[in-house]
Amino acid sequence: MTHVDACEVDSDRARTVNAEGTRHVAEAAREGNIPMVYLSTDYVFDGTKRGEYEEDDAPNPLSVYGRTKLEGEAHVRSVPGGAVVRTSWVVGEGRNFVRTIVSAGANGKAVRVVDDQRGRPTFADDLAIAIVHVLEREITGVVNVAGDEEPCSWADLAELALRAAGLDTTVERIDTDTYEQTANGVVAPRPKNSVLALEKARRLEIPLVNWRESLNKYVKI
């Protein structure tokens, strides 16, 4: 259950899916001696670290989503062939940030986007290739996998997406507090710093793809 705000509203369902659902899969993997890869999230951290988050940094999730994903991680650790792949800002099929921004910007009106949260965008196709590598190389434990290149803010990503789509729509940069005050409905707390360190993934030769290049390809499809 990846809708962060919806998890905040329905914490019981979030825990049932993200934590208990993972427990069931982990138990089956352990009993069947089957490798397991669990996708986790940058939201297991509170975003207060100044540098990039490494795999052994202490988690401290701010939201129900982050807490239930961290609970899921704990179940995977009991699987002998278990791997936890922490990723961030995923863009793939269905509703996502990039599609929302391009759709909203198509009418030419300015879009308001948070500028004080930073991370590394990750595209689902690139992530899938990395997961195959993790399985084939029998990598276990926790490893960060995200789009390669310098991090950005959500506002930066919005501008790049709009330009890739051939739109000159203005991005109005706002801070998180402003967004929360003007949003409709519950807004889950999010880490200001979501930047995942990629040095371990590089050492393990996990394929990492430049997220800017993937963004251009994604928008033009």
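**Exercise 1. Work out whether Cys7 is buried or exposed, then do likewise for Cys152 and count the disulfides.**

Step one: Cys7 has 0% relative accessibility, so it counts as buried (buried means under 20% relative accessible area, exposed over 50%, partly exposed in between, with a 1.4 Å probe and protein chains only). Step two: Cys152 has a relative accessible area of 2%, so this residue is buried too. Step three: a disulfide is a pair of cysteine sulfur atoms within 2.5 Å, and by that rule the count comes to 0.

A quick word on the ground rules. You're looking at a predicted model, where local features need pLDDT of at least 70, side-chain atom pairs count only at pLDDT 80 or more, and totals for chains, interfaces and linings use all residues. Residues are numbered from 1 along each chain as its sequence is written, and side-chain values use heavy atoms, with hydrogens and water left out.

**Exercise 2. Describe the overall build of the chain.**

Start with the elements: there are 9 helices and 9 strands (DSSP runs numbered from the N terminus, helices being H or I with at least four residues and strands E with at least two). Next, the radius of gyration is 18 Å, close to the 17 Å that the globule rule gives for 221 residues, so the chain is as compact as a globular protein of that length. (That radius is taken over C-alpha atoms, and the rule is 2.2 Å times the number of residues to the power 0.38.) The C-alpha trace spans about 55 × 35 × 30 Å along its principal axes. Of the 221 residues, 46% count as buried. Finally, look at contacts (heavy atoms within 4.5 Å): among those with a separation of 6 or more, 82% join residues 24 or more positions apart.

**Exercise 3. Find Leu157 and say what it touches.**

First, place it: Leu157 is found in helix H6, which covers residues 154-164. Second, check its burial: a relative accessible area of 0% makes Leu157 buried. Third, list the partners: leaving out residues up to four places away in sequence, Leu157 touches Trp89, Phe97, Pro121, Cys152, Trp211 and Leu215. Now widen the view to the helix, whose buried residues are Trp154, Ala155, Leu157, Ala158, Ala161, Leu162 and Ala164. The buried residues of H6 pack against H4, E4, strand E8 (152-153), strand E9 (171-174) and helix H9 (211-220). Just after H6, Gly166 takes a positive phi of about 80°.

**Exercise 4. Explore the largest pocket and the largest cavity.**

You'll need two terms. On a 1 Å grid over the protein atoms alone, a cavity is a set of points where a 1.4 Å probe fits but cannot get out, while a pocket is an open set with protein on both sides within 12 Å along at least five of seven lines; lining residues have an atom within 4 Å of a point.

Pocket first: about 1500 Å³ of space lies in the largest one. Its lining has 41 residues, with Val4, Arg95, Phe97, Trp154 and Arg190 nearest the centre. H7 gives the largest share of that lining, 4 residues.

Then the cavity: the structure holds 1 of 30 Å³ or more, and the largest cavity has about 40 Å³ of space. Residues lining the largest cavity include Thr122, Asp126 and Leu127. Helix H5 (residues 124-136) supplies the largest share of this lining, 3 residues.

Definitions and conventions:
Grid points are joined across faces, edges and corners, and a volume is the space filled by probe spheres set on the points.
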